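Got your viewer ready? Load the model below, keep the selection box handy, and follow along one stop after another.

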Amino acid sequence: MAMRVKARSRREERKAIEVTPQLNTREILEVHEDEDRRNEKKKREPKKNLQFNEKLEAVRKTKDKIKDVVAGYFENNSPGYVVWDGLCVFSYVTVRDIISIIHHERISEAVIDSWADVLIAMYDEVRYIRSTIIFTSKSWDLIHTRKPLQILHSLVDDKLETIGQFDVLIFPLLVKTCEGATRKMGDHWTILILDLGSCEWSFYNSMRPRRGESNDNHLVGAKIVVEHVETKLRKIFKEKYGCHRLLTTGPKKPESVACLQQNPDSVDCGVIVCEHMENTLLRNPKKNGVYTKSKAGEYRAKMVEWFVDPANVKVKK
């Protein structure tokens, strides 16, 4: 069963990342007056209702009782209300996130990180889980900018220090820009995987370059992560273990692997990354072909149910 953690320390850590302006006494009074006016206005407003678009696959495939729970969250809370809270400072799912999932909209970094937590909790008895580690979806941004440096060390470098326990490393990536990019990157999810047994990197892009395009900008961006991770791992293996195949081979280039391809008019790249994380954890064969609206809807409905009602989800171990 996926645990729902509400640790105060993690919430404080999340808040510490944000910059809080200093308010003087007059500003504080104005804030309270504004809040009182908003509360009074809220009392006069009619009760809001969530309208599901029944034409969408995810809506049709989501159980009625789950939709009732989601509607209740929407009607009684703000869009930023946390429905599911995970183990990492960045893993939490809000009412807004749930609605985005079910309405076939783009999913956030927080949802990707939360899904990693859910998968590890749900499949805790599967033997492969113990040898697989999923890094934060912010890995690319942290490595590329090296800011905040403390978070980079905590969420990436410190985890690499425990590498002796793992065989497979998973990096969901949101590459925003890179040198040599031939066109605007956009908000597109891809996934990078390192198999330490074979020392091979695999890169999966659900929107690979179309005919006539020779350069995969997202693959170019992923190499930033490859270089950082390999540099760290070589140092760790040399200091802690003395030998590893990675030390005797040259820098590896990530290979772009055939994988599920999204419809050009969809924003299902994040959902495909979530499904690929699950398949990798379970060591299921990699899937190919077109990721239809029906497949996307089915997996989105599954994500909503696992976030909203994890206690009643039954998975095959």
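What follows is a walk from the whole chain down to a few individual spots.

**Before you click**

This is a predicted model, so a few ground rules apply: local features need pLDDT of at least 70, side-chain atom pairs count only at pLDDT 80 or more, and totals for chains, interfaces and linings use all residues. Residue numbers start from 1 along each chain as its sequence is written, while side-chain values use heavy atoms, with hydrogens and water left out.

**Stop 1: the whole chain**

Start in cartoon view. The secondary structure comes to 12 helices and 9 strands; helices (H or I, at least four residues) and strands (E, at least two) are DSSP runs, numbered from the N terminus. Now colour by burial: of the 317 residues in the chain, 47% are buried. Buried means under 20% relative accessible area, exposed over 50%, and partly exposed in between, using a 1.4 Å probe and protein chains only. Among contacts between residues at least 6 apart in sequence, 71% join residues at least 24 apart, where contact means heavy atoms within 4.5 Å.

**Stop 2: the sheet**

Select β3 to β7. They form an open sheet of 5 strands in the order β3-β4-β5-β6-β7, with mixed pairing. Which strands stand at the edges? They are β3 (132–134) and β7 (255–257); each has a single partner strand, so one side of each is left without a neighbour in the sheet. From one strand to the next, the twist averages 25°. Angles here run from 0 to 180 degrees between N-to-C directions, with axes fitted as lines to C-alpha atoms, for helices over the stretch in contact.

Zoom in on β5 and β6. This pair runs antiparallel and is joined by 6 bridges; two strands pair if DSSP finds at least two bridges between them. Look for Asp-195, which stands opposite Glu-200 in β6. Next, add helix α9 (residues 217–241), which packs on the sheet and touches β4 (168–174), β5, β6 and β7. The direction of α9 makes about 150° with that of β6.

**Stop 3: Tyr-241**

Stay with helix α9 and pick Tyr-241, which is placed there. Is Tyr-241 buried or partly exposed? At 41% relative accessibility, Tyr-241 counts as partly exposed. Leaving aside neighbours within four places in sequence, Tyr-241 is in contact with Ile-163, Gly-164 and Ile-236. Try a distance from Tyr-241 to Gly-164: they are 77 residues apart in sequence, and 8.8 Å apart in space, C-alpha to C-alpha.

**Stop 4: backbone oddities**

Most residues other than glycine have a negative phi, and most peptide bonds are trans. Here are some exceptions to select.

- Cys-199 has a positive phi, near 55°. Cys-199 lies in the loop between β5 (189–195) and β6 (200–205), and at 1% relative accessibility it counts as buried.
- His-104 also has a positive phi, near 60°. The loop holding His-104 runs between α5 (95–102) and α6 (109–122), and His-104 is buried, with a relative accessible area of 18%.
- Lys-147 and Pro-148 are joined by a cis peptide bond, with omega about -15°. Pro-148 is in the loop between α7 (139–145) and α8 (149–160).

**Stop 5: the empty spaces**

Switch on a surface. The structure holds 1 cavity of 30 Å³ or more, and the largest cavity has about 110 Å³ of space. Of the 14 residues lining the largest cavity, the closest to its centre are Tyr-204, Cys-259, Leu-260, Ile-272 and His-276. On a 1 Å grid over the protein atoms alone, a cavity is a set of points where a 1.4 Å probe fits but cannot get out, a pocket is an open set with protein on both sides within 12 Å along at least five of seven lines, and lining residues have an atom within 4 Å of a point. Grid points are joined across faces, edges and corners, and a volume is the space filled by probe spheres set on the points.

Which element gives the largest share of the cavity lining? That is α11, with 5 residues.

Last, select the lining of the second largest pocket, with a volume of about 230 Å³. Its lining includes Leu-260, Glu-275, Tyr-291 and Lys-302. The largest share of this pocket's lining, 4 residues, comes from α12.
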